[in-house]
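Visitor: I have a model open and would like to talk it through with someone. Could you be my guide?

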Amino acid sequence: MSKQVIVASIMHESHTFNPVPTDLDKFTVEHGNVVVERDRGTRTGISGFLDAADEYGWSFSVPINARATSGGKVTKAALDELVGCLEQAINEHSGLDGIALVLHGAMSCEHCDDGDAEILRRVRAAAGPDVPVAATIDPHGNVSAGMTDNADIICTYRTTPHIDQYDTARRAAAILERALRGEVKPHMVLARRPMLYAFDRARTHNGAGPMVEALEIARRWESEYPGVLSVGVQAGYSHADTPQTGPSVFIVGDGENPLYQSLAEELIEFGWKNRARETVTLVSLDAAMERAQRNNRENPEGPPVVIGDYADSPGGGTPGNGTNMLQAMLKAGLTNTALGAINDPEVAQHCAAVGEGARVTVSLGGKIAPEFGGGPLEVTAKVLRVSDGDYVHVGPSATGARGSFGTSVLLQVEGIQVIVSSRNQNFLDTQQFRIFGVEPEQMSVLSCKNMHHFRAAFTPIAADVMSCDTGGMTGYQYHRLTYQKLPRPIWPLDEMAAE
Ligand SMILES: [Zn+2]
């Protein structure tokens, strides 16, 4: 008889210093066959579990697939609605054999700091102790004992930019299948150190550095020790003020064996010793503008220099409305330049209403948390394009997945074309420019509000790539964040005892 498995996703990375709460409206929520129709064939975690279900002959249902762009804490009402849907499906299911979840690992809620542990705790309570629960998470997660105690299997992505969400789900599903057959009895152990970040912030795109080295060790152990089913390396998500914030290593072992804890300790110790070693240095706005001006001279019609606005990254949880980058670009007199995207629903809707070709003078962006990333900027612009903002990822990250900026516009502000959106979105795919008629290859300068992930799609078309600290909420200025729940002392905020 085929195994009965529930597949579901509830994903959020919560920037606890972002004042805008993430309510239910900010989630894209799908149920049942809609998920199967939309996600099959994409490079997403859900798709990985669906293909695994086919391969292993599971009979499955998908009660909920919910995700929102990173942002402020999730409201209690939103979490209750989303998890309630999953609990109901578990409760109504008789003869359930397993559960496969796509989570993020850095969710915090208004009423509880550790949202992912809360989801897993409620899933465990509904399913009972004997139904194996497998989950995938992002390597920018803050993994707690609350998570590892309530799940049997957690697997984490091994690429940043993240291009292996699908493969991670396949790895988790393969272990789940072995558990369902009774071949293994997965059990998790966790190791941590008092640090805010480590493992090169999970970067793998340089093919070198502490994350790449740690993953080599992880893979070696998985092949050397038959009981080591999976090794998870977490860089942590440092922009969350929670007791569980920070990097970790966790191991899914077969049964209980002190070896697993000692391996986890060994690898987190490697992370601790290499915590300050990074493969990317953030450049200042001045340095970024200098390189942009040079490309304006050398490659006025492309290929572009691509500047990641590391510090104002909606994918990392900022409001996405910072204006420091645009302000610097205007001051530098750049031409044939495009910026994606400033989130400002008011301006987007006003400009859409006046229509293509109209001239407008607006106070653009910077309305939320102007002390980070820059306040409102008075600009006179021409509305070049009005769009519904819908796109499909064509780049290597979550290929085939859909997203939308909502009603949005492309404005020409002097030499800069600026996308202004109604919905705050991670900006990482060339298609997000193309839907506005901007051909990325033919631009001289591009800027994406993004930390790491834009590199996967943009490096192949770029003359030069960099990440810039514009002073936003996802930059390195941790001293500007008022942590209260973080266990102290912690590196690098506090003096640590000599080693
Ligand atoms: Zn991530």
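Here is a short conversation about the fold, one helix and a metal site.

Visitor: Happy to start with the overall build. What radius of gyration does the protein chain have, and why does it agree with a compact globule?
Guide: Glad to help; keep in mind that this is a predicted model. The C-alpha trace spans about 65 × 55 × 40 Å along its principal axes. For 499 residues, a compact globule would come out near 23 Å, and the chain agrees with that because its radius of gyration is 22 Å.

Visitor: What share of the residues in the protein chain is buried?
Guide: The chain holds 13 helices and 20 strands. Among contacts with a separation of 6 or more, 74% join residues 24 or more positions apart. As for the 499 residues themselves, the buried share is 63%.

Visitor: Let's zoom in on helix 3. How far does helix 3 reach from its first C-alpha to its last?
Guide: Helix 3 covers residues 76-92, which is 17 residues. At 1.5 Å a residue, the expected span is 24 Å, and the model comes close to this with 23 Å.

Visitor: Which elements do the buried residues of helix 3 pack against?
Guide: The buried residues include A78, L79, L82, V83, L86 and I90. An α-helix has 3.6 residues a turn, so residues three or four places apart point the same way. The packing partners of helix 3's buried residues are strand 1 (4-11), strand 2 (28-30), strand 4 (65-67), strand 5 (98-102) and helix 4 (115-127).

Visitor: Now the metal. Which residues coordinate the zinc ion?
Guide: The donor atoms lie at 2.1 to 2.6 Å, and D138 supplies two OD entries in the list. The other donors are ND1 and NE2 atoms of histidines, and the sequence spacing reads D-x1-H-x21-H. The coordinating residues are therefore D138, H140 and H162.

Visitor: Is the site of the zinc ion tetrahedral or irregular?
Guide: To count as tetrahedral, four donors need all angles between 85 and 135 degrees. Here the angles among the four donor atoms run from 54 to 145 degrees. The site is thus irregular.

Visitor: One more residue caught my eye. Is H453 buried or exposed?
Guide: H453 sits in the loop between strand 19 (445-448) and helix 13 (454-458). Leaving aside neighbours within four places in sequence, H453 is in contact with T160, P161, H162, N426 and L428, and H162 is also a zinc donor. Buried means under 20% relative accessible area. Because H453 has a relative accessible area of 12%, this residue is buried.

Definitions and conventions:
Residues numbered from 1 in each chain as written. Predicted model: local features only at pLDDT ≥ 70, side-chain atom pairs only at ≥ 80, totals over all residues. Heavy atoms only, no water. Donors = N, O, S within 2.8 Å, 3.2 Å for Na, K, Ca; no water. Tetrahedral: all angles 85-135°; square planar, octahedral: opposite > 155°, others 65-115°. Helix = DSSP H or I, 4+ residues; strand = E, 2+ residues; numbered from the N terminus. Rg over C-alpha atoms; globule rule 2.2 N^0.38 Å. Buried < 20%, exposed > 50% of the residue type's maximum accessible area, 1.4 Å probe, protein only. Contact = heavy atoms within 4.5 Å. Expected span 1.5 Å × (residues − 1).
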